[in-house]
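Work through the exercises below with the sequence and the model side by side. Each task is followed by its solution.

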Amino acid sequence: MVVTASEHLHVIQEDDGSKRRQILDGARKVFMDLGFDGASMGEIARAAQVSKGTLYVYFADKSALFEAILEQEALQHGQVVFNFDPARDAETTLKEFGRAYIHLLCRPGGGSAIRTVMAIAERMPDVGRRYYARVLDKSINRLSDYLKAQVASGDLEIDDCNLAASQFMELCKASLFLPFVFQAAPAPSEERMTTVVDSATRMFLAAYKTK
């Protein structure tokens, strides 16, 4: 089943009441346990403890259900407040952003949507592109805008702020995200996250701090 292209993630417009949340919670568990291909509307209805008829009132098919879950993921990312006040020093800002970013990626259950999108992105590229634009690229752009302000003030020397933002975020993920998302390791501890983000900040500033 192929998701048709659209500018935004498609969600059936219903009141976000308890029944809809109940369905999404059940669907999330089924997608996490069985993956997109293994999930069925029957399995989702059973997990959500609703009839298939009720399920179809809210969602036309499992593609619409999955994209609604991705929409929730995008909203969760968007609600995380990163303090990118240009007046704040780069070291403090980068460390706070890095810890918040890794918390978001490696929270319990937080890897399930990413794993599922990665599994279907080749066959359903529209889903992958929309998830990347709504979740990952937005964080890169927000950090890039902060870096541009630091370049303008003379604190940093960066030719390509989008590239630098991506580099910092990848440095923060080192040894943390891939083991977590592939379930080779549990969510990292606070101490480990701080160690990795502090190291990423030192490396980033060594490269880009104005000499």
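**Exercise 1.** Find which helices the buried residues of helix 10 pack against.

Solution. The buried residues of helix 10 pack against helix 5 (90-105), helix 7 (125-153) and helix 8 (161-173). Contact here means heavy atoms within 4.5 Å. Helices (H or I, at least four residues) and strands (E, at least two) are DSSP runs, numbered from the N terminus.

This is a predicted model: local features need pLDDT of at least 70, side-chain atom pairs count only at pLDDT 80 or more, and totals for chains, interfaces and linings use all residues. Residues are numbered from 1 along each chain as its sequence is written, and side-chain values use heavy atoms, with hydrogens and water left out.

**Exercise 2.** List the buried residues of helix 10.

Solution. Start with the cut-off: buried means under 20% relative accessible area, exposed over 50%, partly exposed in between (1.4 Å probe, protein chains only). In helix 10, the buried residues are Met193, Val196, Val197, Asp198, Ala200, Thr201, Phe204, Leu205 and Tyr208. An α-helix has 3.6 residues a turn, so residues three or four places apart point the same way.

**Exercise 3.** What distance does helix 10 reach from its first C-alpha to its last?

Solution. Helix 10 covers residues 190-208, which is 19 residues. The expected span is 1.5 Å times one less than the number of residues. Helix 10 reaches 27 Å, close to the 27 Å expected.

**Exercise 4.** Place helix 10 in the whole protein.

Solution. The protein has 10 helices and zero strands. Of its 211 residues, 44% are buried. The C-alpha atoms fill a box of roughly 65 × 35 × 30 Å, taken along the principal axes.
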